[in-house]
Structures are given as C-alpha cells and as structure tokens.
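Student: Pick one part of this model and take me through it closely, please. After that, link it to the rest of the chain, and spell out your cut-offs as you go.

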Amino acid sequence: MAAMLPKKLTPKSLLKLLKSSKNLNTSLSLFDIASQHPNYTHDAIIYHHILRKLSLSSDSRCIPHMTRIVDMIQTQKCLCSEDVALAVIKGYAKNLMIDKAMEIFQNMKKIFGCEPGIRSYNTLLNAFVVSNQLSRADLFYKYFGTMRVSPNLETYNVLIKIACKRRQFDKVKELLDWMWDSNLKPDVYSYGTLINGLVKSGCLDNALKVFDEMFERGLHPDVICYNILIDGFLKNGDYDSGMKIWGRLMSGSNVYPNVVSYNVMINGVCRCGKFNEGLELWGRMKKNEQRMDLFTCSTLIHGLCELGNVDGAERIFKEMIENGLSPDVVVYGALLNGYCKVGEIKKCFELWELMGKEDCRTVTSYNILMRGLFENRMVDEAISIWKLMNENGIVADSSSYGILIHGLCKNGYLNKALKVLQAESEGEKSMDSYAYSSIIKGLCKEGRLDEATAMFDLMAKQGCKLSSHVCNALINGFIKASKIEDALRFFGEMSSMNCSPTVVSYNMLIDGLCKAERFGDAYKLVEDMLQKGWTPDMITYSLLMDGLCQSKKLDLALKLLSQVVSKGFKPDVTMVNIIIHGLCSAGNLENASQLFLNMSQWECLPNLVTYNTLMEGFYKARDCKNASAVWALILRGGLRPDIISYNITLKGLCSCHRMSDAILFLNDALSRKIRPTAITWNILVRAVIYG
C-alpha cells in the first residue's frame, strides 16, 4: 500500500488515489499511511472527502474512525469549511448519536475554525426529529432566533415533519399556506411529507386532496408521492382508488413508475385478492425492463399459491432464478406452502431437498412442511420431519408444537398428542394456546370432559396465556354433553381467569339454552352482552329465533325479528330462512309469504333453501298453484334446483294425485343429470302403492 504513494505526496495526488478507490477500508488505509508520510499534511479537502465517505456508510464501526479524524483536525488546527463539519454531524446523526452531533455543532469554531450555517442547524434539527426527540427539536428551533439564523425551505420541511409526527395536520396546512403567501414556495418534499403523514394516520381522502392541491399550485408530484398514495389505498383494501392513482401515474408525462411502484402495486393487488392482476403487472414490469427483486417475487409467489395457482408461482420461481436472483427462505417458504395447499407432496419433497442444499431451512420451513403433511393426512411423514428438525439442531418454537399436536388431534391420534404434550410440559417446553386448545377440543369431541378440564387447569398452571379460543372449546364440550350448568359456571369464571368471553362464547351458550328450551336464560344472556358492551351479531339473534321456532313460539320469534330490524340490522338469508321454515311448519303460509316479500327491502336475496322451504309449505297445504309459482321463481332467479327441490316437488305432486306431472319432473331431473336418491324412489314407490 505504501508503494502506491509517490515520494513527493501532495493533497491533490492523494485525493486522486482516494477517488479511484471504491472500497472504504482501502481509502482509510491510504489516508492513514499518508498521515505518516514525511513532509506531508492533510488539507481540508482530504478531510472532507474521507469524512463524507465515512458518514455515508451504514456500518456503525466507522464511527471510531470519524472521531479520531476529528481529533486530528483539531490537533492540526486545520481550517475547514462548514461542509466538513456537516459530514461529521450527519455521520453521528445517522447512527442516532445525537448528543455527539450536538457537541460537534457547539464546538465547530473550536474544532474546524468555522461558524455553523443554516445547513448545520437544519441537519441537527432533523436529527432530533429522526430520533423522535421532538421536544428537543422544539427547543432547538427556538435557538435559531437567538442566534439570528434565518430559516429556509429545508427548515420548514423539517417543521412539517415534526407536525406530521404529532398528527397536527391542520397546523401543517396553515404552515404551507403561510409559506405560499410569504413567497417561500413549498416543494414536492413539503407536500410528500404531509401526504405520507396523512396516509400513515389513515386519512386517505385528505391525503388525496393534498395530492390534488399540488397540481393546482403548479407542483408535479414525484413518483414517491404516487407510491405512498397507492400503497395506502391498497393496504386499506380500497382497490378502486389505488387503481385510479396508478392510472394517473401511468398517464402522467412528468413522472414514471419505478421498481418500488410495481412492488407496491403487486403487493397491494395481491392483498386485495386480485392475483391475476398481480401477474399482469409483473408482465408489464418485465416489458418495461424493470428489474424484479426478491420482494416482487415473494409477493407474487405467495399470492398465486394462496389462489391455488401453483403453476404460475412455479413460473415466477424459475424466471427469478434465470434472471440471477437467488431465492431466500421467504420465497422457498411461500412455494413450499403452495405445494402443500394443493397436495403436491412429491414436489414438496423435491423443493425441500433443494432448500437443504441451499441452506434455506429454518424452523418456519419445518413448520410449513409439517402442517402441509398433516393436512394431507400424511401423519408418519409429518412425524419424520419433526424428528429431522430435532436431529438437525433446529430448535422447535411454540408454533412447531402447536402444529404437531393439532395435526395429531385432527388426524385421530389424540392419545399420541397427549403424550407429546405431557412429555414437553415435563421438559418445561413452551406450549401455546393453539396446542392446548387442539387437545381440549379433541377431548371434548370424545366426551372426555374430566380430562379436558384437567388439561385446562394444567395449561393455566404452566403459565400459558388463556385465550377465548381455548375457553370456548371447553364451553362447547359442556354444551354438547348437555352439561349446561357446568358451561354456565365456567363461563362465569372466565373474567376472573383474565379471559374475557367473546360473542362466540355467548352464542354457544345461547344455542345450548335454546335447545334446552330455557329461553328466559337465553334472553338474560343477550341482556348481559349488551350491558358489557358486546353487540349481539346475526348469529346470536338467529340462534334465539331458531330455538323459538322449534318450540312453536312463532309470535316471539317474529317479535324478535322486528326488534332486530328496528335496531338497524338487516336480516340475512339464514335468519329469514329460519323463521320462514318455522311459519311453514306451523302452516302459517300467509306470514311466510309476506316475510319472503319483505326480503327485498332488507337487500336480502333469497337462496335455494328459501324457495325449497316455501315450496314445501305450499305443497303441505295442497296449494299446488303457489308451489308451482315458487318453482318458476327458482328458474327465473337463475338458481339451479337440487335433488331436494325435486324431492319436495315430487312428494307434493304425488300427494295431490298428479302422478303424470311427477314423472315429467323426474325426467327433467334426469335430463339435468341430477341423480335421484333413495328418498326420491321411496316417494314414487309409495305414490304407486298407496295412490
């Protein structure tokens, strides 16, 4: 390295060498060797060059070098410009060493022989904001006035950033208006900061207004402004608004989409479930010669796999490799999950082998494969992967145990799951609520409630956070075993266990009470829900109505429906079907028909169950004319009658002694390739035998 330096070294010749060096460590070595060179002294230009390189580096190990070079400047008493001091302040600020940056600022005259200018003030002011020391930023800005420093556009842009961090958006608008009036024209960065703040706070409509104001003021938003807005709308699920901004970006003459724009769009449309649109964007990205990155690829592969389009995901995977992009664990995991979802187990293991060769297997990868194998009922293979994980020294996390135990329970290996949980609990392994709830649900399903309760107690003893999911599993177990009192007792104890009941908890109990014809207690639970701030959902009311209808308390069911409507709820088709069925069963076809007609005003579309129920009601009343009218409504509504529809019609026609019409409907069913069931033939045989 020393041989590289000329015998007669000058700052000019050293600067040339430093500029030609692309490596920071090489530059530092050259600088240090030159420092020892006889009859040579660094000047301000050399100091500025090396300090600027250090300040731009993201490696925090550069800070000690910066500190010693500042000491050299002070010892040498080298007179430097503000640019040199600025490089040091920026370097410390970048590493969040704000006090050190402040120290340099306060001692600029002593160290560098220069006074701080507005750029130094702005840099330090911004450093306070970036490090979230907003109170210090306020105090420092007041210091501007005492030092007679005139704020400039950059200063006001930092003030805009402060106000946005505090969500004082009205204050920002006032500041922008004042800047225009004072002929201190805000720039794209000023507006971009406000747009970003509004988007992050969820004020998307206001952000769009600010964006439009830029055009009115003669400012052209840059691609960053577009990207922020598109990302905000799409993350909020507003696909149409996101696409409108994208359209404006594509049609703009002053701005062009960059790789970030495409990534934001692809990620956003995939979030909105528009995976095919994501593929189209990817194709356009390639056409416009925008280089894809790992983020683009992983987003698309994940999205396509979620859609079940594994072939498309494979295509992306192959193209990224052809383009020299090395898949990371996220990409591998997304594709592995996709293969598992569609049951491509052979491809799963082929990819798994490749992941092993590329050293891209993590605990998450093992979890994905185990879950996939369990979902495809390949229990032995899943257990083999579990053993392989332990053999390869991969430490299982709580999700791993949850997947193992849930998979065993789901596939009927409850006792095996119990052994795993017991062994790991004794080994003081961390179990999550997912693992416990799987065991508890499995035990409840088999009616082993004592064991389920004991498991719940063990879970609490192990310090595992109790979740409503686990508690609900136990409540459901008690109800299915007709132990309503035990379910109510446990429900009452949930709050004391720091596990608040959810709407699902209430619904389970209401269902159980209604089935036990304890409607008074069910209503009390609804009142309890309201008192505790829970809003009964459509399921809650539907369960109550179903119970009332089954107990022939139709007046109460209709009264409850009126209450639901009066509270601003719009009944859904399930709720309406429950009451129509109850009314038809009681022969009250007039009210059933009226309820059917009311569905349109609730924007509730009838489904095939609605029509089948009404049709069956009319046939039971020997009203073939209205029953036939319902059949016509099914066809007019574009619905396809199922075998239940045909069985209802055949039974109704036979009961009205219209055997020839019944045969015509049977032939119609066969022509539509609807296969008759045993019930179908039983209806027809009985009609022939008994007339």
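**A residue in α16, and outward from there**

Tutor: Let's start with asparagine 263, which sits in helix α16, residues 259-271. Helices here are DSSP runs of H or I with at least four residues, strands are runs of E with at least two, and both are numbered from the N terminus. Before going on: this is a predicted model, where local features need pLDDT of at least 70 and side-chain atom pairs count only at pLDDT 80 or more, while totals for chains, interfaces and linings use all residues. Numbering runs from 1 along each chain as its sequence is written, and side-chain values use heavy atoms, with hydrogens and water left out.

Back to asparagine 263: its relative accessible area is 7%, so it counts as buried. Buried means under 20% relative accessible area, exposed means over 50%, and partly exposed is in between, with a 1.4 Å probe and protein chains only. What does asparagine 263 contact, leaving aside neighbours within four places in sequence? Met285, Asp293, Phe295 and Thr296, where a contact is heavy atoms within 4.5 Å.

Now for the cysteines. A disulfide is a covalent bond between the sulfur atoms of two cysteines; the test used here is a pair of cysteine sulfur atoms within 2.5 Å. By that rule the count is zero. Cysteine 305, for instance, is in no disulfide, its nearest cysteine sulfur being that of cysteine 340, 9.9 Å away. Cysteine 340 in turn has its closest cysteine sulfur in cysteine 348, and the 3.5 Å between them is too far for a bond. Cysteine 305 and cysteine 340 are both buried: the first has 3% relative accessibility, and the second also has 3%.

Cysteine 656 is found in the loop between α38 (643-655) and α39 (659-671). With 19% relative accessibility, it still counts as buried. Setting aside residues up to four places away in sequence, cysteine 656 touches Arg622 and Cys624. Arginine 622 is 34 residues away along the chain, yet the two C-alpha atoms are 6.6 Å apart.

Next, a pair of helices further along. Helix α31 (residues 519-531) has 13 residues, which at 1.5 Å a residue should span 18 Å, and its end C-alpha atoms are indeed 18 Å apart. The expected span is 1.5 Å times one less than the number of residues. Phe519, Ala522, Leu525, Val526, Asp528 and Met529 are buried in α31. As background, an α-helix has 3.6 residues a turn, so residues three or four places apart point the same way. The cover over the buried residues of α31 includes α29 (484-493), α30 (503-515) and α32. Glycine 533 follows α31 and has a positive phi, near 90°.

Helix α32 also has 13 residues, and its first and last C-alpha atoms are 18 Å apart, close to the expected 18 Å. Ten of those 13 residues are buried, so α32 is largely enclosed by the rest of the structure. Among them are Met538, Tyr541, Leu544, Met545, Leu548 and Cys549. Their cover includes α30, α31, α33 and α34 (573-585).

Just past α32 comes a backbone oddity: lysine 552 lies in the loop between α32 (538-550) and α33 (554-566). Its phi is positive, near 65°, in a residue other than glycine, and lysine 552 is exposed at 62% relative accessibility. Leucine 96, in the loop between α5 (82-94) and α6 (98-106), has a positive phi too, near 55°. Leucine 96 counts as exposed, with 53% relative accessibility.

Zooming out, the protein has 40 helices and zero strands. Its radius of gyration is 36 Å, well over the 26 Å that the globule rule gives for 691 residues, so it is more spread out than a compact globule. That radius is taken over C-alpha atoms, and the rule is 2.2 Å times the number of residues to the power 0.38. The C-alpha atoms fill a box of roughly 125 × 65 × 55 Å along the principal axes. Of the 691 residues, 47% count as buried. Among contacts between residues at least 6 apart in sequence, 60% join residues at least 24 apart.
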